[in-house]
Amino acid sequence: MTIHGHTRVDNYYWLNERENPEVSDYLKAENDYQEEMMRHTEPLQNQLFEEITSRIKQDDMSVPVKHKGYWYYSRYEEGMEYPLYCRRPVIPSVAEESTAKEQILLNGYEMSKGYAFFDVGGYSISPDNSLIAYSIDTVSRRQYQIFVKDIATGKMFPEVIRNTSGNMVWANDSKTIFYTVKDESLRPFRVMRHVVGTDPNDDVEVYREDDATFCAFVSKTKSERYIVIIIESTLTSEIRFIDADHPDDEFKVFQQRRHDMLYGIGHYGDYFYILTNADGAKNYKLMKTPVNATGKEHWQEVVPHRDDVLIEDFDLFSDFMVVEERTKGLVNLRVMSWDGKTDYYINFGEPAYTVETSANPEFETHLLRYVYTSMTTPASVYQYDMKKQTTELLKRQEIVGGYEPSDYVTERLYAPAKDGVEVPISLVYKKGLVKNGDNPLVLFGYGSYGNSVDAYFSTARLSMLDRGFVWAIAHIRGGEEMGRWWYEDGKLLKKKNTFTDFIACAEYLVSQGFTNNGKMFAMGGSAGGLLMGAVANMAPQLFRGIIAQVPFVDVVTTMLDDSIPLTTGEYDEWGNPNEKEYYDYILSYSPYDNVEAKDYPAMLVTTGLHDSQVQYWEPAKWVAKLRELKTDNNPLYLRTEMDFGHGGASGRFEPFHEVAMEYAFILDLLEK
């Protein structure tokens, strides 16, 4: 492959041929090899799987959410992989509420029968509460089919809407649905209008996005007053909208797209509220504008931009606005009253945690739902009274067999990066652990797209903590933990900061006595798998083993092929290698292109044949090249799930088979 006067030779390019029987045979042979070489760990894998799944409450139910006269919730019955999606009518008398008749909207358990993979992309109830539209993926390519059902009778409407992004929005007439269709590269690009009971072939296109770097989605404001088309790339967005009472109207532009300007909207009363990075507000600011004057020239400031605070989201209520802000890597919830008399932050009191507002579909309430978790606190749903400033715990994830948070310790550290920047690390371990440099440790990282990986609780992780492991999350650049600049310092021509930050975190954990290079393991998936590949090339001596899940490792070739899903929309993240500056830079770190004849750590690489985000051939080619060139005798395994895609297995318990395999891989290495 020749471009910019430079030629690369790819000896394993033939693995791109998905329909070639030799490719299928090759992947199955790799699976057979991995199974045979890890066969002695099967008792351990089974033990880990039983440990992990035994902590999960079998007959569990989500906290009901009230909306338009009903309580909505999902629940599991004993042994079920998939939930029942249900509702009950709201009854004024609390005593009678438990007797209100349950309606099963969707029976995931029954619907999944006969499929190796099953996923409900989403569902939406018509404004008159009579119909449910829902989407299903049974291939794991994130191409969803939309169905419509009468809730009272269970009768299915005849139409099946294919190849959608999975989300759908009702107009207020309870018969019109808006949805998005994907193109050949799986980019959502056409917004369609459908009337229930009619042939989808007659659906009307209401918007088409021809710029291949943009995707289009459809949504509805919380007020249910407006239907919104969101058109966005990595750096630029545009919104179009109509009155939800008039689905046949033509969509109007809210504010025309401008390069490097992102914005999102909410609606309340006479105003739209706008979260935007316009005019140099890197960490975003909150604006408002009258509903009849949406252009940027009319925007008025509500919450100003601050250099040290990233505004991530906002939610609107009848008396309050709640703003999600991130400061020094931690999310805070700010409550502001419309009359200006109230402005405060909810206190959470742990050094490292994750919090986000939960389902809050009702306007006329002073009760805020949010979900809180930390590395020692199981996922907890709280209800907060914004007037009384009181908190009620509604549900905490139950750990079957018992769990005592005080048996574990969580810390927040800061590792000095190569350029002097301090990189946060969240970690957890069993109380009593001695920092003598001899503890096994797993270091997890991601660092792309501005996605922040916050400190969160994991029931599966307890199996490692109870075996003496330290579990650490490196909050490296490329994420947005420390603000928008943290993201911008880890993308495009600064992407290598992501990799050197991770290496700095690993070195710091060793220097602080948590572990040593013979007992430290690295883990990451997707763009975090790119991180694993880059680190394996740059600092292989730091790790005993690496787990790379669905890794994006053939960066140059993928970014030069605009027929591959997601490629064109990624130019603002990685750069466009059709331009020589970006080609040279990406080539300098692309894991597949930089494999060398040297010793590498032990590696377990996982992928899915139907992966729509990172095609299976990237990890397959990478492993083949590593086999060819590496000079060590460390294990190298490729595991391809032949029925799954980017997210792995579906269901409640099935995904833990892969987790158990990964943990067994690590534990087995420690025995050697």
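A helix here is a DSSP run of H or I with at least four residues, a strand is a DSSP run of E with at least two, and both are numbered from the N terminus. Keep that in mind as you click along, and remember that this is a predicted model.

**Helix 13 and a cavity**

Start by selecting residues 656-671, which make up helix 13. Of the elements around the second largest cavity, helix 13 gives the largest share of the lining, with 3 residues. Now add the whole lining to your selection: M37, M38, H40, T41, P635, Y637, F665, D668, L669 and K672. How much space lies in this cavity? The second largest cavity holds about 50 Å³. Colour the lining by class and you should find 6 nonpolar, 2 polar and 2 charged residues. In the whole structure, the count comes to 2 cavities of 30 Å³ or more. Rolling a probe the size of a water molecule over the atoms is a way to show where empty space is left.

**An open pocket**

Next, look for the second largest pocket, with a volume of about 290 Å³. Which residues should you select to find its centre? Pick K66, T365, L367, R369 and Q383, the closest to the centre among the 14 residues of the lining. Two elements each give two or more residues to this lining: strand 3 (65-67) and strand 27 (367-374). By class, the lining of the second largest pocket splits into 7 nonpolar, 3 polar and 4 charged residues.

**A loop after strand 3**

While strand 3 is on your screen, select G69, which sits in the loop between strand 3 and strand 4 (70-75). Is G69 buried, exposed or partly exposed? G69 counts as partly exposed because its relative accessible area is 40%, and that label covers values between 20% and 50%. Now add A359 and draw a line between the two C-alpha atoms: G69 and A359 are 290 residues apart along the chain, and the line spans 15 Å.

**The sheet of 4 strands**

Move on to an open sheet in which 4 strands follow the order 14-15-16-17 with antiparallel pairing. Strand 14 (215-220) and strand 17 (252-255) are the edges, each pairing on one side only. From one strand to the next, the twist averages 30°. Strands of a sheet are held in pairs by backbone hydrogen bonds, in a parallel or an antiparallel way.

Zoom in on strand 14 and strand 15 (residues 226-232), an antiparallel pair with 6 bridges. Select C215 and look across to strand 15, where E232 stands opposite. Then try F217, whose bridge partner in strand 15 is I230. These two strands make a hairpin with 5 residues between them, and E224 in the turn has a positive phi of about 65°.

Go back to C215 for a moment. Why is C215 called buried? Its relative accessibility is 19%, and buried means under 20%. For another cysteine, select C505, which is buried because its relative accessible area is 0%. How many disulfides does the whole structure hold? A search finds 0.

Return to strand 15 and show its surface: 5 of its 7 residues are buried, so this strand is mostly covered. On to its next partner, strand 16 (residues 237-243), which runs antiparallel to strand 15 and is joined to it by 7 bridges. Select I227 and you will see I242 of strand 16 opposite. Strand 15 and strand 16 also form a hairpin, this one with 4 residues between them. As you rotate the view, keep in mind that side chains alternate between the two faces of the sheet in a regular strand.

**The sheet of 7 strands**

For the final stop, select another open sheet: 7 strands in the order 7-8-9-10-11-12-13, paired antiparallel. Its edge strands, each pairing on one side only, are strand 7 (119-125) and strand 13 (204-208). The twist in this sheet averages 30° from one strand to the next. Finish on strand 8 (residues 131-137) and strand 9 (residues 144-150), an antiparallel pair over 6 bridges. Which residue of strand 9 stands opposite A133? Click on V148 to find the answer.

Note on methods
Residues are numbered from 1 along each chain as its sequence is written. This is a predicted model: local features need pLDDT of at least 70, side-chain atom pairs count only at pLDDT 80 or more; totals for chains, interfaces and linings use all residues. Side-chain values use heavy atoms; hydrogens and water are left out. Two strands pair if DSSP finds at least two bridges between them. Axes are lines fitted to C-alpha atoms, for helices over the stretch in contact, and angles run from 0 to 180 degrees between N-to-C directions. On a 1 Å grid over the protein atoms alone, a cavity is a set of points where a 1.4 Å probe fits but cannot get out, and a pocket is an open set with protein on both sides within 12 Å along at least five of seven lines; lining residues have an atom within 4 Å of a point. Grid points are joined across faces, edges and corners, and a volume is the space filled by probe spheres set on the points. Ala, Val, Leu, Ile, Met, Phe, Trp, Tyr, Cys and Pro count as nonpolar, Asp, Glu, Lys and Arg as charged, and the others, Gly among them, as polar. A disulfide is a pair of cysteine sulfur atoms within 2.5 Å. Buried means under 20% relative accessible area, exposed over 50%, partly exposed in between (1.4 Å probe, protein chains only).
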